[in-house]
Amino acid sequence: MRLDNMLLAEGVSGPEKGGGSAAAAAAAAASGGVGADNSAEHSDYRAKLSQIRQIYHTELEKYEQACNEFTTHVMNLLREQSRTRPISPKEIERMVGIIHRKFSSIQMQLKQSTCEAVMILRSRFLDARRKRRNFNKQATEILNEYFYSHLSNPYPSEEAKEELAKKCSITVSQVSNWFGNKRIRYKKNIGKFQEEANMYAARTAVNAASVSAHGSQANSPSTPNSAGGYPSPCYQPDRRIQ
């Protein structure tokens, strides 16, 4: 009964006129409202939900047809046997009950798998909305920069996670999840992320060179030394480059 109610609420079972549009609208409202910029995504969600609905009804019709055909087959066999031995109505009822229970169990598995498919679809739809809302481009840049600058050990400490969470305006848990997913994706396809790694490595090198240049300017001859004067230039006029 619980599975039936869920399928009905999601627009998979029940009247055809709904077609899952109510479920799509509910998912959109839960994810932050419907806007012109994500109307295409909502349309994609409704299309996928419609596919799930179509598959569910097709499989359900197959099971019902198979159940009716098998029941008819068993009834014919019992009629044939009744010519050689007496068969009571109770025995016939028991056999029909066994068949119906078996096919009801199969239908229950279909309902469970359909509910799981709908929940996965909803999860992906809502997660995509949350990802766009919480992880903007600046936050992703900050997290990627830390990841590639610590590529030998991309496991930030709790203090580092808290600092990153403040910079990105997200939660510490989201930072942990991001690094966990990033490590998995990187290990699965290192070649794909190599270009991205090179980009952040070059950026780090440029930043380091800039810091070094500023340090050199701080120690230039125009800067007073600790004794209060200026360091004398090292000049040897008689020495020439051969």
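**Exercise 1. List the contacts of Leu-164, leaving aside neighbours within four places in sequence.**

Step 1. Fix the criterion: contact means heavy atoms within 4.5 Å.
Step 2. Drop the neighbours within four places in sequence. Leu-164 is then in contact with Ile-142, Leu-143, Tyr-146, Val-175 and Phe-179.
Step 3. Note the basis. This is a predicted model, where local features need pLDDT of at least 70, side-chain atom pairs count only at pLDDT 80 or more, and totals for chains, interfaces and linings use all residues. Residues are numbered from 1 along each chain as its sequence is written, and side-chain values use heavy atoms, with hydrogens and water left out.

**Exercise 2. Find which residues of the largest nonpolar core touch the most other members, and which helices supply the core.**

Step 1. Define the set. A nonpolar core is a set of buried Ala, Val, Leu, Ile, Met, Phe, Trp, Tyr and Cys residues joined through side-chain atoms within 4.5 Å. Buried means under 20% relative accessible area, exposed over 50%, and partly exposed in between (1.4 Å probe, protein chains only).
Step 2. Rank the members. The largest core has 18 residues, and Leu-143, Phe-147, Tyr-148, Leu-164, Cys-168, Val-175 and Phe-179 touch the most other members.
Step 3. Assign helices. At least two core residues each come from α5 (137-149), α6 (158-168), α7 (172-188) and α8 (190-218). The largest share, six residues, belongs to α5.
Step 4. Look elsewhere. Another core, of 13 residues, lies apart from this one; Leu-3, Leu-7, Val-12 and Leu-110 are among its members.

**Exercise 3. Place Thr-71 and decide whether it is buried or exposed.**

Step 1. Locate the residue. Thr-71 is in helix α3 (residues 39-81). Helices (H or I, at least four residues) and strands (E, at least two) are DSSP runs, numbered from the N terminus.
Step 2. Apply the cut-off. Thr-71 has a relative accessible area of 13%, so it is buried.
Step 3. List the partners. Beyond four places in sequence, Thr-71 touches Val-96, Ile-99 and His-100.

**Exercise 4. Count the disulfides and classify Cys-67 and Cys-168 by burial.**

Step 1. State the rule: a disulfide is a pair of cysteine sulfur atoms within 2.5 Å.
Step 2. Count. The result is zero disulfides.
Step 3. Classify. Cys-67 has a relative accessible area of 10%, so it is buried. Cys-168 is at 5%, so it is buried.

**Exercise 5. Summarise the chain: how many helices and strands, and what share is buried?**

Step 1. Count elements. The chain has eight helices and zero strands.
Step 2. Take the share. Of the 242 residues, 27% are buried.
Step 3. Check sequence separation. Among contacts between residues at least 6 apart in sequence, 67% join residues at least 24 apart.
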